[in-house]
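Here's a quick briefing to help you find your way around this protein. Have a look at the sequence and the structure first, and then we'll walk through the main points together.

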Amino acid sequence: LALATLLASPVLAQSGMTVGFSQVGSESGWRAAETSVTREEAKKRGIDLKFADAQQKQENQIKAIRSFVAQGVDAILLAPVVATGWDQVLEEAKDADIPVVLLDRNIETKDDSLYLTAVTSDQVHEGKVAGDYLVGQVGSKPCKVVELQGTTGSSPAIARKKGFEEAIAGKSNITLARSQTGDFTRTKGKEVMESFIKAENGGKDICAVYAHNDDMAVGAIQAIKEAGLKPGTDIMVVSIDAVPDIFQAMANGEANATVELTPNMAGPAFDALEAYKKDGKEPPKWIQTESKLYTQADDPKGVMEAKKGMGY
Ligand code: GYE
């Protein structure tokens, strides 16, 4: 009886929620860190996390959500691979009274009651911060930029392009010469950068590469080196995420700047869900995470060390 009383005690009982997590995949170092932080956060809070890796496919995410609904989970975390095409399956979750929290990417929908809240950064702002940095570095020199986009149709690819274009708009010396998707991966980032280099006089005509994430930047750095050029000086490298490997590249002088994105999206998501389940407290529709610029002047080695254990 004593044990039963203890277990039933509201003070000791943890949330006890069962949460389904439909993750995009494992395309980047940042994504892997987000997955491990989500698992740790769930464990800390006594949440039973059901994890489904969609391997970059929306159809797999739709199947996972349906299966979470069928299992009667208490809530769903969704990192949507692309922005469109979610209304129907999210209606099914809503009909079953299962709140959905969007993690790190947004969706396009006319009905924002289909999700409880979205924990994301301001992705247009991230692109703008990266672009402003570049504009400041370039000054009045002519500069041909090449862009490695994230996954086609994903909110960060759309928004990070937009923000960057806003930053360089009206700077007639800076041109966006080439732009193609590298799918947020190192391998594709390298491949696409190789093709840009070929098309631009062996890379000699390229002044800077803007990559929508660090992994593609790391791939691009490799391609620049193999072409006999110096990344960071011959070709500037600017990206987004702030994973340890880009700080290593910055410490080596091979990358110039990155915009930080926290891998801890699950912490704020679980906080919102717990408050909602407990008191019916509606969270704001958008829980915005910070975006901070880091350059070679910001002690990249030190930052890299500090990042270890934060999911990386
Ligand atoms: O920047 C990238 C990842 O959705 C914002 O997805 C996220 C992005 C992140 O693959 O590395």
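Let's start with the stretch from residue 20 to residue 266: its end C-alpha atoms lie 12 Å apart, and the span is 43% helix and 21% strand. Keep in mind that you're looking at a predicted model. According to the UniProt record, an unreviewed entry, residues 20-266 carry the annotation "domain: Periplasmic binding protein".

**The sheet**

- Six strands make up an open sheet, and they line up in the order 7-6-8-9-10-12. The pairing in this sheet is mixed.
- Strand 7 and strand 12 (293-295) are the edge strands; each has a single partner strand, so one side of each has no neighbour in the sheet.
- Going from one strand to the next, the twist averages 20°.

**Strand 6 and its neighbours**

- Strand 6 covers residues 143-149, and six of its seven residues are buried, so call it mostly covered.
- On one hand there's strand 7 (residues 174-181), which runs parallel to strand 6 and is joined to it by seven bridges.
- To get from strand 6 to strand 7, the chain passes through helix 6 (residues 155-168), and this β-α-β crossover is right-handed.
- Want some residues to look up in that pairing? Glutamate 147 has serine 179 in strand 7 as its bridge partner, and leucine 148 stands opposite glutamine 180 in strand 7.
- Strand 6 also pairs with strand 8 (residues 208-211), again in the parallel sense, over four bridges.
- Here, valine 146 stands opposite valine 209 in strand 8.

**Around the ligand**

- Which residues surround the ligand? They are Glu27, Ser28, Trp30, Arg31, Asp104, Arg105, Pro156, Phe184, Asn213, Ile240, Asp241 and Leu261.
- Two elements give two or more residues to this shell: helix 2 (29-44) and strand 9 (236-241).
- Sorted by class, the shell around the ligand has five nonpolar, five charged and two polar residues.

**Putting it together**

- Strand 9 turns up twice in this briefing: it has a place in the sheet order 7-6-8-9-10-12, and it gives two or more residues to the shell around the ligand.
- Strand 6 sits between strand 7 and strand 8 in the sheet order, with seven bridges to strand 7 and four to strand 8.

Note on methods: Residues are numbered from 1 along each chain as its sequence is written. This is a predicted model: local features need pLDDT of at least 70, side-chain atom pairs count only at pLDDT 80 or more; totals for chains, interfaces and linings use all residues. A residue is buried if 20 or more other C-beta atoms lie within 10 Å of its own, exposed if 12 or fewer, and partly exposed in between; C-beta atoms are placed from the backbone. Two strands pair if DSSP finds at least two bridges between them. A crossover is right-handed if, with the strands pointing away from the viewer, the path from the first strand over the helix to the second runs clockwise. A residue is near a molecule or strand if its C-beta atom, placed from the backbone, lies within 6 Å of it. Ala, Val, Leu, Ile, Met, Phe, Trp, Tyr, Cys and Pro count as nonpolar, Asp, Glu, Lys and Arg as charged, and the others, Gly among them, as polar. UniProt positions are given in the numbering used here, feature names are shortened, and annotations may be inferred rather than shown by experiment. Axes are lines fitted to C-alpha atoms, for helices over the stretch in contact, and angles run from 0 to 180 degrees between N-to-C directions.
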